[in-house]
Amino acid sequence: MLAMYSGQIGSFSSRDLLLFFIMWELEFIPVYLLLSGKKRLYSATKFLLCTAGGSIFLLIGVLALEIILYFGFLIAYAVKSPMIPLHTWLPDTHGEAHYSTCMLLAGIL
């Protein structure tokens, strides 16, 4: 019971989605052990397989969300720190700005 509660506390106190998923899955192992017995092994195994099958969709959703976020950050940083072909703002900005502003733009921003 304490291992199951530890998994629940870990899932509620996790700070990222992957740790949430891992803790969510770790709480099913003690539940399986609590359910299993001589005659209850079928229902315990069915419980574990069904929840694992549902958790695959949770994992896919978590990974897809992280991948979408990574691509969003990649595009944002590619524009901010000018990378080809997203650097078209750079020549116009540096050409029109004062030299001190160019130094700030190139060095700090």
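Here are some friendly notes on the helices of this predicted model and how they pack.

1. **The annotated spans.** A good place to start is the UniProt record, an unreviewed entry, which lists residues 17-35 and 47-79 under "transmembrane region". In the model, residues 17-35 are 95% helix and 0% strand, with 28 Å between the C-alpha atoms at the two ends. For residues 47-79 the figures are 100% helix and 0% strand, and the end C-alpha atoms lie 48 Å apart.

2. **Helix H4.** Do take a look along H4, which covers residues 41-80. This helix has 40 residues, and its first and last C-alpha atoms are 57 Å apart, close to the 58 Å expected at 1.5 Å a residue.

3. **H2 against H4.** Helix H2, residues 17-26, packs with H4 at an angle of about 170°, and the two axes are 10 Å apart. Angles over 145 degrees count as roughly antiparallel, so H2 is roughly antiparallel to H4.

4. **Who meets whom in that pair.** If you would like to display the contact, the H2 side consists of Leu-17, Leu-18, Phe-20, Phe-21, Trp-24 and Glu-25, and the H4 side of Ser-55, Leu-58, Leu-59, Val-62, Leu-65 and Glu-66. By class, the residues of this contact are nine nonpolar, one polar and two charged.

5. **Buried positions on H4.** Which residues of H4 are buried? They are Ala-44, Thr-51, Ser-55, Val-62 and Ala-78. Their cover includes H2 and helix H3, residues 28-35. Ser-55 and Val-62 also appear in the contact with H2.

6. **Gly-10 in H1.** Towards the start of the chain, Gly-10 sits in helix H1, which spans residues 2-13. Is Gly-10 buried or exposed? Its relative accessibility is 12%, and the cut-off for buried is under 20%, so Gly-10 counts as buried. Gly-10 and Ile-22 are separated by twelve residues in sequence, and their C-alpha atoms are 9.0 Å apart in space.

7. **H5 and H6.** One more helix pair deserves a mention. Helix H5, residues 89-96, and helix H6, residues 99-107, cross at roughly 150°, and their axes come within 8 Å. H5 contributes Trp-89, Thr-93 and His-94 to the contact, while H6 contributes Cys-102, Leu-105 and Ala-106. Sorted by class, these contact residues are four nonpolar, two polar and no charged.

How values were computed. Residues are numbered from 1 along each chain as its sequence is written. This is a predicted model: local features need pLDDT of at least 70, side-chain atom pairs count only at pLDDT 80 or more; totals for chains, interfaces and linings use all residues. Side-chain values use heavy atoms; hydrogens and water are left out. UniProt positions are given in the numbering used here, feature names are shortened, and annotations may be inferred rather than shown by experiment. Helices (H or I, at least four residues) and strands (E, at least two) are DSSP runs, numbered from the N terminus. Axes are lines fitted to C-alpha atoms, for helices over the stretch in contact, and angles run from 0 to 180 degrees between N-to-C directions. Angles under 35 degrees count as roughly parallel, over 145 as roughly antiparallel, 65 to 115 as roughly perpendicular and the rest as oblique. Contact means heavy atoms within 4.5 Å. Ala, Val, Leu, Ile, Met, Phe, Trp, Tyr, Cys and Pro count as nonpolar, Asp, Glu, Lys and Arg as charged, and the others, Gly among them, as polar. The expected span of a helix is 1.5 Å times one less than its number of residues. Buried means under 20% relative accessible area, exposed over 50%, partly exposed in between (1.4 Å probe, protein chains only).
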